[in-house]
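Reader: I would like a careful look at one part of this assembly, with the cut-offs behind each term stated as you go. Please begin once the sequence and the structure are in view.

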Amino acid sequence: MSTGTTKLDVVVSDVVPVNDLVTRFHFRRRDGELLPTFSGGAHVVVEMRDGERTRLNPYSLMGSPLDTREYTISVRRDDVGRGGSLFMHRNVKPGMEMVVSYPVNLFSLDLRAKKHLMLAGGIGITPFMAQTAQLAAEGGNFELHYTCRTASLGTYADVLRERYDRRVRLYHDDLDERIELDRLLSTQPLGTHLYVCGPAGMINWVRDRAASLGWPSETVHFEHFAAPQPGLPFDVTLAVSGKTIRVDEQQSLLEAIEAAGVDPPYLCRGGVCGQCETNVISCDGKFIHNDHWLSEEEHRSGKKIMPCVSRFEGRSLVLER
Amino acid sequence: MGITFRKETFRDDFTFRNSPEHIRRFPFPFHEDAYMYAVNIEPHVVGPKGSVLENLIDVDEHYVAEMQDRALVLAEDPLRCQSLPHMTLAGWDLLELLMEQQALGYPEHFTLTRDGDRWRWINRPLGIDDTFTFGDTSTLPYGPMEYITRQSQGDFCILDQRDGNLWMDAGMVTTQADWSLDFDIGMNFFEWHAPVPLAHEKGIFVRALKFLTNIQQGKPARRLNWTMTINPRLDTSPENYHKWGPDRATVTPENVGDKVHLRVELQSFWRLPRSNGIVFPIRCYLIKMDELVTQPKWARHLHRVIRDLPDELANYKGLTRYRSTLVEWLSKLDDGSPTNPGFGPD
Amino acid sequence: MAAKSIISRPVYGTLSPQPGKHHLFITDAEGALAIAEMAGSAPPGFFDDAEIVFIPGPDGKHTAALQALRPAQFHLSPSFASLLPRLRQTLANAHMGLRLYLAGTEGLIGQAMQVALEAGIDHTSIQTEHRGSLARRMQCVHCKGITENVTTQPATCAHCGLLLLVRDHYSRRIAAFQGVCINAEDRSEIPPMEEVFR
């Protein structure tokens, strides 16, 4: 039985610039029906058809899970990435027909928690938009600490403050405001769960401090979709299907495999879900691992790669695909 | 036209029977002459008309009698239905799933009308017509899981997904094959399967868990499991083992056909949208040997499976005491001719 | 240590110092030795943030060994039942960063863990070490009564009197092994009772 999700045919119902970097996109079902219900923290994979090229990027759903008339995502423009966010910002207009996946949740709330402590950095605020809406509706106990570069780039900070008042704390980098992390982590009641979403550096910092201060790993949840990075082109032999392919500078290994007509399963395309994990049969060169799925030991072993976000530099690579 | 619901019992005088149409739709679980564990999971998609897979949530002629039996079990022992505090949201997910599926498959018997969070549910076979607010527990006579599973055939386990495992944190279990929800609630996937022999060593549960944690919304899966029960008794709980256990010593060559029942569980697995949990309905089908052997192919398959079953499995399934009597009885219906593979009747 | 059996049978480890802000030890009888041994590998000052609660056995040994570790708080309790109100209050007021260490008999570890789970501590984050008796707490699946200090196989339920097979199947939530009627199918079969959980 194959894994992966069902697709949804949607139409872009609105495009709203939020600030200099972030734009929000609204989708409705083309047949006018309600969209599938989702849980706070879920994402969809958005298919972007850009001429010959199809990009598939995961974005967290940020609307209230109680309202399934539309899905909303917020996309931060990345001027040096592979072009997915630029495509969304430049090409996607209201009325355009697109395809998104069914929602998948790899960052779900632990509903046993006596309190939910949320730490967001920058565009990492999006899954918390849905989670706070869900918890507020159920009378859940949460507190959100949100770090942004400047007040004008504090995406949805005003909305959150208005909705949840003192349950939301803001920190602005330009004013040198910093989360007092150790104090915050040491004053939470027993049974609190911690959630962090933001840049990799922030996630690592929070996880590291939480572990040192005695937070068990089961209570610390994080989500960081890696974006596939551009890099030098390389050649790969797919042993099972008997094909040799070239991965271009701006293409991910997974995209190149798919372009050759081979379809590994995936749920996130961001190095988190583990579905596209691929065995390495032989290699002569070095891996550029970019995922959060494989352990450090597995990265060092050179026996596995996550083709959605990781690359290779060297003479030859043979994969079990 | 709709289903004609039988008036029958699963205790005391045991008047449970299958109609001829229901014998032919019985989900016979053996497609060959041998049985061993496997991760026999497949997509839960709609099957042929007239089969138990015609609808994804099956309602049959035993519906009303089964719901009456469940009410009797719960009156005696309310611990058969439990939900840990964090599982209420998943209970609402399950209520939505079962109401939608039953109304979709059997519009003549069930109707669901939704106006925002104002819902009206009509269950004609049980004479229920309730209007309530979805998400507001105070508008229903029971919690959402208990409310809807008092109106749905089969047992239901709701699993919370966290830390890469599944946790049995809620359930309605009154027709179980000898396991205790009260004891197992709160356990993870490996723990509640711990007593099952042989399968752990084969890595069955590791693979099954990997599959189940990846079940996606809108893509349910299913598998069949089986055991045997003496008398058509739905409530074969460990709680009451000292009451029904003696039945196993009552099997004689004369009464095998009437007393011994094959018990098949159609287990399905569904991702729940709001809670991100998994619900695991275990739908139980019973058929007595006299009914089963009306299909000669099933008689041959079953004879060979029971005869050749490893002793550990026979013991785990509780067959040991009457296995030889059953095999002897079935052997007379097996001429030894080759049997076509496949589940269906001849 | 108990022999390896089925997966639901608890597996106990060896106590080791965990990162954390506060350390709560609950121990009975010979469990005290497990803490004393762990202290050898603890960083300096570790017990400055520690509380040790000790239920000594009938011989009253090991109290001095624990006091010698100079924990911030030290409390003696005559039984687990008498310690419960204090433990509940401690956990209700505790913050994240509290680490729990349980050492001693299976009954003590199980019951303390049960209280900790209710307070929101995940069982996998609790350090445990088994010392002393293998006597079991057993729940009768039929009448739901708990029989303490079961040492025989089979065992008689102290509540309903059924003769029970003591399984290895264990529930953290109930803090007990499961007992199931051993001669349900034929009550005249009475297997010999052997002393196996010592």
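Which residues have the most contacts inside the largest nonpolar core?

Author: This is a predicted model, in which local features need pLDDT of at least 70 and side-chain atom pairs count only at pLDDT 80 or more, while totals for chains, interfaces and linings use all residues. Residues are numbered from 1 along each chain as its sequence is written, and chains are lettered from A and ligands numbered from 1 in the order in which they are written.

The residues with the most contacts inside the largest nonpolar core are A:Val196, C:Ile35, C:Leu102 and C:Leu164, and that core has 126 residues. A nonpolar core here is a set of buried Ala, Val, Leu, Ile, Met, Phe, Trp, Tyr and Cys residues joined through C-beta atoms within 7 Å. A residue is called buried if 20 or more other C-beta atoms lie within 10 Å of its own, exposed if 12 or fewer, and partly exposed in between, with C-beta atoms placed from the backbone. In soluble globular proteins, nonpolar side chains tend to be buried together.

Taking one of these residues, and leaving out those up to four places away in sequence, C:Leu102 touches C:Ile26, C:Leu108, C:Ile109, C:Ala112, C:Met113, C:Ile126 and C:Thr128, where contact requires C-beta atoms, placed from the backbone, to lie within 7 Å. Apart from the largest core lies another, of 44 residues, which includes A:Leu109, B:Leu166, B:Phe269 and C:Ile7.

Chain C also contains an open sheet of 5 strands in the order S7-S6-S11-S10-S9, with mixed pairing; helices (H or I, at least four residues) and strands (E, at least two) are DSSP runs numbered from the N terminus, and two strands pair if DSSP finds at least two bridges between them. Strand S7 (146-150) and strand S9 (155-156) of chain C stand at the edges, and because each has a single partner strand, one side of each is left without a neighbour in the sheet. Within the sheet, S10(C) and S11(C) pair in the antiparallel sense over 5 bridges, and C:Leu165 stands opposite C:Val180 in S11(C).

In the UniProt record, an unreviewed entry, the annotation "domain: Dimethylamine monooxygenase subunit DmmA-like C-terminal" covers residues 137-180 of chain C; such annotations may be inferred rather than shown by experiment, and their positions are given in the numbering used here, with feature names shortened. That span is 0% helix and 61% strand, and its end C-alpha atoms lie 13 Å apart.

Turning to the neighbouring chains, the contact between chains C and B takes 17 residues from chain C and 19 residues from chain B. On the side of chain C that touches chain B, the elements giving two or more residues are strand S10 (163-171) and strand S11 (176-181) of chain C, with S11(C) giving the most, 3 residues. The residues of that side divide into 8 nonpolar, 5 polar and 4 charged, where Ala, Val, Leu, Ile, Met, Phe, Trp, Tyr, Cys and Pro count as nonpolar, Asp, Glu, Lys and Arg as charged, and the others, Gly among them, as polar. Towards chain A, 17 residues of chain C are in contact with 17 residues of chain A, and the residues on that side of chain C divide into 7 nonpolar, 7 polar and 3 charged.

Note on methods: Contact = placed C-beta atoms within 7 Å.
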